[in-house]
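Here are my notes on the model you asked about. Have it open beside you while you read, and find each residue as it comes up.

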Amino acid sequence: MVKRIVKIVLALTLGAIFLWLAFRNVRLQEVWEYAQDIQFGWIFPFTIAAFCSHLFRAERWRLLIKHDKEEIDRTTLVSGVLVGYLMNIVGPRLGEVSRPMYVAKKEGLSTSKLMGTIVLERIVDVLVMVFLMFVVSVYLISDFNLLKQIFGDETINFLTNESSLLTYGWTILFVLLVAFVGYLLVRFVLYLGTRFEVLQGWIERARRALVMFKDGVLSAREVEHWWQFVFYTVLIWFCYTLMTYIPFWMFDMQEVYRLDMLDALVITVISAIGIAIPSPGGLGTYHYFVKQSLLVLFAVPAVTGIAYATVTHASMVLFVGSITPIVLFIDKLRSTKAGKPVI
């Protein structure tokens, strides 16, 4: 419990630092006045794109677990995805635990195995993000000076400096050392289990959980139609890009600054890096990276950029916070009729 509180405090501190970086040199009064003139009618298609992204994520997740249970309630899967996003707003990475726990209890599945599928999903998302970041960096933002203005001089210098290869090597060796020590620790615990009967039950439970987790990570082998998995992945990122593009019309940025879908993809990839940083719901990190990328790449004034980031982030938080209880209520009614466990 103490460890979790410490993580949340550190995440809030990190978010506060990035919020300060995002809002510094920007007058809040100007942001407020600017935000009052935006066209809020575009929030409706924005929320549709957001909800579709959750639907497609739930459908992609279903492909990873359908071999364990063919008839999985799609409402439960969508509810689990929304619960995960809602918990990520409360604390970083809480959603990765709450989502599989919710669905596992409702559908009678293994929580450990479902957590393994979440890890697999995250690996896929990171690979897609790295690929898109490579495309954006090479073909759209090939100027290192622009990258330095967005991510900071020290970060880009560290990633591109030849001396960093030594650091990478030491990092890999450290990871391998930790893995080796972990392996020895597991072998030692197993040895203790053979010597003390009181430990055998606990070790057996832990072993079964690890096996189920491993099976979840390797569940990609059980996907029957990979084209569907790839298709849903493309749709998820298309919806993310729409969620960046549609708010351009709130601020008339498509007309004033000539921003299009390709530009929205650039902002989406850069903002995804901000969201990946462990702050609650991308608080602060999202605002900073969006403002910087709009300012540096497209000459969008800081006031407009921070207003855009604030409105889109707040819209997403309000959307998740309002739609999740509704979907949970629907799922509860369906579970009651079907005689499933009600959470």
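**Notes on the model**

1. Let's begin with an odd one: D263 is buried (under 20% relative accessible area, with exposed meaning over 50% and partly exposed in between, for a 1.4 Å probe and protein chains only), yet D263 has no salt bridge (a side-chain nitrogen of Lys or Arg within 4 Å of a carboxyl oxygen of Asp or Glu). The nearest side chain of opposite charge is R258, 9.9 Å away; for charge, Lys and Arg count as positive and Asp and Glu as negative, while His and the chain ends are not counted. D263 lies in helix α13; helices (H or I, at least four residues) and strands (E, at least two) are DSSP runs, numbered from the N terminus. Contact means heavy atoms within 4.5 Å, and, leaving aside neighbours within four places in sequence, D263 is in contact with R258 and F298.

2. Before going further, a word on what you're looking at. This is a predicted model, where local features need pLDDT of at least 70 and side-chain atom pairs count only at pLDDT 80 or more, while totals for chains, interfaces and linings use all residues. Residues are numbered from 1 along each chain as its sequence is written, and side-chain values use heavy atoms, with hydrogens and water left out.

3. Now the overall picture. The protein chain has 15 helices and 0 strands. Of its 343 residues, 42% count as buried. Take the contacts between residues at least 6 apart in sequence: 72% of them join residues at least 24 apart.

4. Back to R258, which sits in the loop between α12 (253–256) and α13. Its phi is near 55°, a positive value in a residue other than glycine. Why does that catch the eye? Because most residues other than glycine have a negative phi. R258 counts as exposed because its relative accessibility is 66%. A299 also deserves a look: its phi is positive, about 55°, although A299 is not a glycine. You'll find A299 in the loop between α14 (285–298) and α15, and at 58% relative accessibility A299 counts as exposed.

5. Which residues are linked in a network of salt bridges? They are R57, R60, E96, R99, E121, R122 and D125. Follow D125 first: D125 pairs with R57, the closest N and O atoms being 3.0 Å apart. That pair links distant parts of the chain, with D125 in helix α6, R57 in helix α3, and their positions 68 residues apart. D125 counts as buried because its relative accessibility is 11%, and R57 counts as buried too, at 3%.

6. D125 has another salt bridge, with R122, where the closest N and O atoms are 3.3 Å apart. D125 and R122 both lie in helix α6, 3 residues apart, about one turn of the helix. At 28% relative accessibility, R122 counts as partly exposed. The full count comes to 11 salt bridges, including one between E59 and R62. E59 and R62 both lie in helix α3, and both are buried.

7. Next, the empty spaces. On a 1 Å grid over the protein atoms alone, a cavity is a set of points where a 1.4 Å probe fits but cannot get out, a pocket is an open set with protein on both sides within 12 Å along at least five of seven lines, and lining residues have an atom within 4 Å of a point. The largest cavity has a volume of about 60 Å³, and its lining includes R57, R99 and R122. The largest share of that lining, 4 residues, comes from α4.

8. How much space lies in the largest pocket? About 990 Å³. Of the 33 residues that line the largest pocket, the closest to its centre are Y85, Y240, A272, I275 and A276. Helix α13 (261–276) is among the elements that give two or more residues to this lining.

9. One last stop in helix α13: I273. At 22% relative accessibility, I273 counts as partly exposed. The C-alpha atoms of I273 and Y286 are separated by 8.1 Å, and the two residues are 13 apart along the chain.

Notes:
Points joined across faces, edges and corners; volume = space filled by probe spheres on them.
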